[in-house]
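Trainee: I would like to learn how to read a model of this kind, one feature at a time. Where should we begin?

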Protein chains: 2
Amino acid sequence: MPVDPHSHVPIYEQIVEHIHGRITAGVFRPDEPLPSIRALAIELLVNPNTVQRAYQELERQGVAYTQKGLGVFVAANGAISARSMSEASVCERFEQGIDLARAAGLGDPTIRRLFDRSLHEVRETSSRHSTNGPSLPGEEASS
Amino acid sequence: MPVDPHSHVPIYEQIVEHIHGRITAGVFRPDEPLPSIRALAIELLVNPNTVQRAYQELERQGVAYTQKGLGVFVAANGAISARSMSEASVCERFEQGIDLARAAGLGDPTIRRLFDRSLHEVRETSSRHSTNGPSLPGEEASS
DNA sequence: ATGGCTGTACTAGTAACCTAATACAGTATA
DNA sequence: TATACTGTATTAGGTTACTAGTACAGCCAT
């Protein structure tokens, strides 16, 4: 449950990005159901309305589709869509950091050094996310 | 005026990070005055109260100090403080991106590829920030 | 058909961030 | 002293994100 209520990014967006990651990683496969709104709300200690909003966003993106009374399912091309959305989110964060660094007059070598430092720190602190399995088959084929 | 009212990060924090960058880059030097609250509010098209909040935060961090009736000035060790705060902000963004990427099952090579792509894209789009001069003496000495 | 799931919809309330307007206090200069 | 800058403080109002509670509607198994 990687949701941080104190983050500046809205919870529903965190959920959307979380689902993107799960689909990209192959945890949720096309035509398989996502966790029910209520179940995920309980798991994340979040209001069901917040989860619903996230699922609406996923449907708007074409990553998922809804069958009333049955649940929300991963779309046929959901894996591809989710992958590109995931990469976009990642790059967005990277670009924000790079913008900040450039504004501070930092050069590319320094920026790369900071990135490497972050890469190593996250490795040490990566004892969270992944509620069902700590080791997953890491997809390794960038477009 | 790099302030984005539509961003999820509060305007006052954007201002704080902006000032950090200016001090780190040597635009604002120790014991020199920062722009007045009202002047910066006009420049950024923002409410003076928002700028005041940013300046309060800078003072709380020890980056700046206030002399009532005179203005807000860069602290003696403001450059060092601002530099570390800038780097922390940059790394925070990087770590957010890395967390997202790992949650999507992406491996280090892919993550580095995305980072390089971001680095190049920002270079092309870097025709903003820096209100007074496009080229500044780039500090190049990381701790 | 009843019960238990699913998603959907609506209203109300809270908190954070920001805006707006105003008033006050300290400092410098003419 | 008057003026014009500085920062400070207070009150009110708006928007967004989220919470909370409730009610409704579709699907399915018993």
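Mentor: Begin with a polar contact to DNA: in this predicted model, an N or O atom in the side chain of B:T50 lies 2.6 Å from a phosphate oxygen of DNA strand C. B:R53 also reaches the backbone of this strand, with a polar side-chain atom 3.4 Å from a phosphate oxygen.

Trainee: Which side chain has an N or O atom 2.8 Å from a base nitrogen of DNA strand C?

Mentor: That side chain belongs to A:R38. A:R38 is also one of the residues that come nearest to DNA strand C, along with B:P10, B:I11, B:Y12 and B:T50, out of 21 around the strand.

Trainee: How is the contact with DNA strand C divided between sugar or phosphate and bases?

Mentor: Take the strand atoms within 4 Å of the protein: 63% belong to sugar or phosphate, and the rest to bases.

Trainee: Which elements supply at least two residues each to the surface near DNA strand C?

Mentor: Chain A provides α2 (37-43), α3 and β2 (71-74), while chain B provides α1 (11-24) and α3. The largest share comes from α3(B), with three residues. By class, the surface has eight nonpolar, ten polar and three charged residues.

Trainee: What should I look for at DNA strand D?

Mentor: Go through the same steps. Of the 22 residues around DNA strand D, those that come nearest are A:P10, A:I11, A:Y12, A:T50 and B:R38. A:T50 has a polar side-chain atom 2.4 Å from a phosphate oxygen of the strand.

Trainee: Which residues of chain A lie 3.0 Å and 3.2 Å from a base nitrogen of DNA strand D?

Mentor: The side chain of A:N49 has an N or O atom at 3.0 Å. For A:G69 the atom is a backbone N or O, at 3.2 Å from a base nitrogen.

Trainee: Which elements form the surface near DNA strand D?

Mentor: Those with at least two residues each are α1 and α3 (48-60) of chain A, and α2 (37-44), α3 (48-60) and β2 (71-74) of chain B. The most comes from α3(A), which gives three residues. The residues of this surface are eight nonpolar, ten polar and four charged. Of the strand atoms within 4 Å of the protein, 63% are sugar or phosphate.

Trainee: How do I describe the relation between two copies of a chain?

Mentor: Two copies are related by a rotation about an axis and a shift along that axis. Here a turn of 180° with a shift of 0.0 Å along the axis lays chain B on chain A with an RMSD of 0.1 Å. This is the relation of a two-fold axis.

Trainee: Why can one say that the copies meet through the same surface?

Mentor: Because 98% of the interface residues of chain B are also interface residues in chain A.

Trainee: How should I read a salt bridge?

Mentor: The general idea is that side chains of opposite charge can pair when their charged atoms come close. Over all chains this structure holds twelve salt bridges. One of them joins A:E17 and A:R93, at 3.3 Å from N to O. The two residues are 76 apart and link distant parts of the chain, with A:E17 in helix α1 (residues 11-24) and A:R93 in helix α4 (residues 78-103) of chain A.

Trainee: Is A:E17 buried or exposed, and is A:R93 buried or exposed?

Mentor: A:E17 has a relative accessible area of 14% and is therefore buried. A:R93 is buried too, at 8%.

Trainee: Which salt bridge has A:R112 as a partner?

Mentor: A:R112 pairs with B:D116, at 2.8 Å from N to O. A:R112 is in helix α5 (residues 108-124) of chain A and B:D116 in helix α5 (residues 108-124) of chain B, so this salt bridge joins two chains. A:R112 is partly exposed at 35% relative accessibility, and B:D116 is partly exposed at 27%. Both chains also take part in a network of salt bridges that links A:R83, A:E87 and B:R117.

Trainee: What is the pattern of chain A along the sequence?

Mentor: The pattern is α-α-α-β-β-α-α, with five helices and two strands. Of the 143 residues of chain A, 43% count as buried.

Conventions: Residues numbered from 1 in each chain as written. Chains lettered and ligands numbered in written order. Predicted model: local features only at pLDDT ≥ 70, side-chain atom pairs only at ≥ 80, totals over all residues. Heavy atoms only, no water. Salt bridge = Lys/Arg side-chain N within 4 Å of Asp/Glu carboxyl O. Helix = DSSP H or I, 4+ residues; strand = E, 2+ residues; numbered from the N terminus. Buried < 20%, exposed > 50% of the residue type's maximum accessible area, 1.4 Å probe, protein only. Near = heavy atom within 4 Å. Polar contact = N/O pair within 3.5 Å; in protein donor to acceptor, adjacent residues only side chain to side chain. Nonpolar A, V, L, I, M, F, W, Y, C, P; charged D, E, K, R; others polar. Least-squares fit on C-alpha atoms with pLDDT ≥ 70 in both. Contact = heavy atoms within 4.5 Å.
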